[in-house]
Amino acid sequence: MNFSYKFMAFNASPRACLGKHLALSQLQMKIVAVKIIQNYDIKITKGHKIEAATRLTLRSLRMKHGLSVTVTKKI
């Protein structure tokens, strides 16, 4: 059986889901982020000033001075 037709709404026909490739890449990014979090300790650098930027976007909260962190491998 052709796997392109397993889920008709997403893969087959001229009306195939336009975001199917984007969904897969977002899933891959999430898997990489989880692996990093599982294998590394991420801590904010001491003395780093945390201040939100005045302009907010709908997708994220921006830091005025960035976010300085220290990353160490877990043992």
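**Briefing: salt-bridge network and nonpolar surface patch**

At 26% relative accessibility, Glu-51 is classed as partly exposed, because that class lies between buried (under 20% relative accessible area) and exposed (over 50%), with a 1.4 Å probe and protein chains only. The model is predicted, so local features need pLDDT of at least 70 and side-chain atom pairs count only at pLDDT 80 or more, whereas totals for chains, interfaces and linings use all residues. Residues are numbered from 1 along each chain as its sequence is written, and side-chain values use heavy atoms, with hydrogens and water left out.

**Overall architecture**

- The chain contains two helices and two strands; these are DSSP runs numbered from the N terminus, with helices (H or I) of at least four residues and strands (E) of at least two.
- Read from the N terminus, the order of elements is α-α-β-β.
- Of the 75 residues in the chain, 1% are buried.
- The exposed area of the chain is about 7,200 Å², of which carbon and sulfur atoms supply 63%; accessible areas come from the Shrake-Rupley method with a 1.4 Å probe, and for residues only the protein chains shown count as cover.
- Among contacts (heavy atoms within 4.5 Å) with a separation of 6 or more, 41% join residues 24 or more positions apart.

**Salt bridges around Glu-51**

- The structure holds two salt bridges, each defined as a side-chain nitrogen of Lys or Arg within 4 Å of a carboxyl oxygen of Asp or Glu.
- Side chains of opposite charge can pair when their charged atoms come close.
- One salt bridge joins the side chains of Glu-51 and Lys-49, with an N to O distance of 3.5 Å.
- Lys-49 is exposed, its relative accessible area being 55%.
- The side chain of Glu-51 also meets that of Lys-64 in a salt bridge, with an N to O distance of 3.5 Å.
- This pair links distant parts of the chain: Glu-51 and Lys-64 both lie in the loop between E1 and E2, 13 residues apart.
- Through shared partners, the salt bridges join Lys-49, Glu-51 and Lys-64 into one network.
- The C-alpha atoms of Glu-51 and Lys-64 are 5.6 Å apart in space.

**Surroundings of Glu-51 and Met-63**

- With neighbours within four places in sequence left aside, Glu-51 is in contact with Arg-62, Met-63, Lys-64 and His-65.
- Met-63 is likewise located in the loop between E1 and E2, and a relative accessible area of 28% makes Met-63 partly exposed.
- Twelve residues separate Met-63 from Glu-51 in sequence, and their C-alpha atoms are 5.9 Å apart in space.
- Leaving aside neighbours within four places in sequence, Met-63 contacts Ile-50, Glu-51 and Ala-53.

**Nonpolar surface patch**

- Val-32, Ile-36, Ile-37, Tyr-40, Ile-42, Ile-44, Ile-50, Leu-67, Val-69 and Val-71 form a nonpolar patch on the surface, together presenting about 870 Å² of accessible area.
- Patches are made of residues with over 30% relative accessible area and no salt bridge; like charges are joined within 9 Å, and nonpolar side chains (Val, Leu, Ile, Met, Phe, Trp, Tyr) within 5 Å.
- At least two residues of the nonpolar patch come from each of helix H2 (20-39), strand E1 (40-44) and strand E2 (69-73).
- Val-32, one of the patch members, has its place in helix H2.

**Gln-38 in helix H2**

- Gln-38 is found in helix H2 and, at 46% relative accessibility, counts as partly exposed.
- Although their positions lie 35 residues apart along the chain, the C-alpha atoms of Gln-38 and Lys-73 are separated by 9.5 Å.
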